[in-house]
Amino acid sequence: MRLSKMGMKNIKLSNLDEMYPAQDILMQTGQIKQYGSGVYAYDNIPLKVQDNIEEIIKKHFNKADCIEVQMPLIQQAEIWKRSGRYDQYQEEGVTMISETDKGTYCLAPTAEEAITIFAENRITSHKQLPVVFYQIGPKFRNEIRNRGYLLRGKEFLMFDLYSFDKDEESMIKTYNKIKQVYFETFKEIGLDIVAVAADNGSMGGKNSEEIMALSKIGEDTILFDKETNQGLNVEILEREDAESYLKENYHIENIKKLKEEKACELGHIFALGTKYSDSMDIKFIDEQNNRKPFYMGCYGIGVSRVLGLIYENNIIKENENVVGYSLPISVTPYYLYIISNDKKKEIAQNMYNQFLDKDVEVIIDDVKGSIGEKIRNAKILGIPYIAIIGNNTEEGFAEIERTKDGAKKVMKIEEIIETIENMKKTKKDIEL
């Protein structure tokens, strides 16, 4: 991509948000545009980072025999009344409503009702079970606290998955399987997560765990055991039956050995039981030819939340000042940022063309400016590697720099092209 086509200007960062500096950079440089509280547009790079996060999620859940589907974003109020949640969501002010002459519609805040109806007359026999559906798409919630930019918006991208089983034992087996896929998925994305015992709240059901990433910017306080990778949200201690609830459902017996940490919620998983299949009267035929309610599970990942945290977790500092970020190789949409002075711009253009021929995504900075300004642009955009072709580099060579730690090495241009191409295939950093 040519930088000139992005409409980006040389901007000096100032007065960054102390809590969320990386996302403030996105705002100041126009990489995300705020239209109102909790409502954002994305420019090319953060959009493509989010696309790459989606692809990693899909890859891992497809391998686990989960089936991708798509539920409607506009849902009739009747299906929410059928489950009994319409009045509750209205009282809490969560749901955005559209009143039309054809009826009342909800902008989907979640999809338990829609997916349960989707399964009706589609999954009819115990022989088909277990079945797991998932989707990735926009959700809408009238959040009162629109803090943290992408971490809490009114419109956000969400992965949500729903499992259907024949009994409680099978449901818990599926629950544990899906939970393991979460850990595998986030490992590739580049975020360390913990499963945190939580209250089921309005979702209902038996087990409930929040998927958290330990982070200084986290809004939640958790108690965490590093040995077992299990924790609990301190809110759960407010339950009257907290001790027995933790022991029975999560095998947590001694909270004194747990360490207090700040964490950011990225997802939530629930073993719902028969709450929705009972309330909506959607059932299957069991081995004895009886109609039985499905045992369901519900699993979510806030994809736009993951995007925001990836930026915050990968900031670059110089002299204690945040100057940008270096995106992980696993999700970066562009692997290299090509810089040259005016005298060597043809060499840079030739290098750029060779990457295009090999289908390796890179950026060439063709905007007027000094080498220093161009390096600053690369860090503001989060590109993990920079190739600099300047006055001090011999013909046929360029200096390559890793933005996350400043490591540098002079290499032949042909070697850089081969190395970056290999990095794209392996998703591993270059040794400099």
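Two strands pair if DSSP finds at least two bridges between them. Strands (E, at least two residues) and helices (H or I, at least four) are DSSP runs numbered from the N terminus.

This is a predicted model: local features need pLDDT of at least 70, side-chain atom pairs count only at pLDDT 80 or more, and totals for chains, interfaces and linings use all residues. Residues are numbered from 1 along each chain as its sequence is written, and side-chain values use heavy atoms, with hydrogens and water left out.

**Exercise 1. Describe how strand 22 and strand 23 are joined.**

Step 1. Take the ranges: strand 22 covers residues 397-402 and strand 23 covers residues 408-412.
Step 2. Get the direction. The two run antiparallel, with five bridges between them.
Step 3. Pick a facing pair. Met411 in strand 23 lies opposite Ala398.
Step 4. Check the connection. Five residues separate the strands, which form a hairpin. In the turn, Gly406 has a positive phi of about 80°.

**Exercise 2. Find the salt bridge between Arg402 and Asp405, and classify both residues by burial.**

Step 1. Apply the cut-off: a side-chain nitrogen of Lys or Arg within 4 Å of a carboxyl oxygen of Asp or Glu. This rule gives 21 salt bridges.
Step 2. Read the distance. Arg402 and Asp405 meet at 3.1 Å, N to O.
Step 3. Set the burial classes: buried is under 20% relative accessible area, exposed is over 50%, partly exposed is in between (1.4 Å probe, protein chains only).
Step 4. Classify. Arg402 has 10%, so Arg402 is buried. Asp405 has 46%, so Asp405 is partly exposed.

**Exercise 3. Locate the two partners of the Arg152 to Glu219 salt bridge.**

Step 1. Read the distance: 2.9 Å, N to O.
Step 2. Place the ends. Arg152 sits in the loop between strand 7 and strand 8; Glu219 sits in the loop between strand 10 (208-214) and strand 11 (220-225). The pair therefore ties together parts 67 residues apart in sequence.
Step 3. Classify. Arg152, at 15% relative accessibility, counts as buried. Glu219, at 29%, is partly exposed.

**Exercise 4. Which residues are linked with Arg85 in a network of salt bridges?**

Step 1. Name the members: Arg85, Glu112 and Glu113.
Step 2. Place Arg85. This residue is in the loop between helix 3 (77-83) and helix 4 (86-92).
Step 3. Classify Arg85. Its relative accessible area is 1%, so Arg85 is buried.
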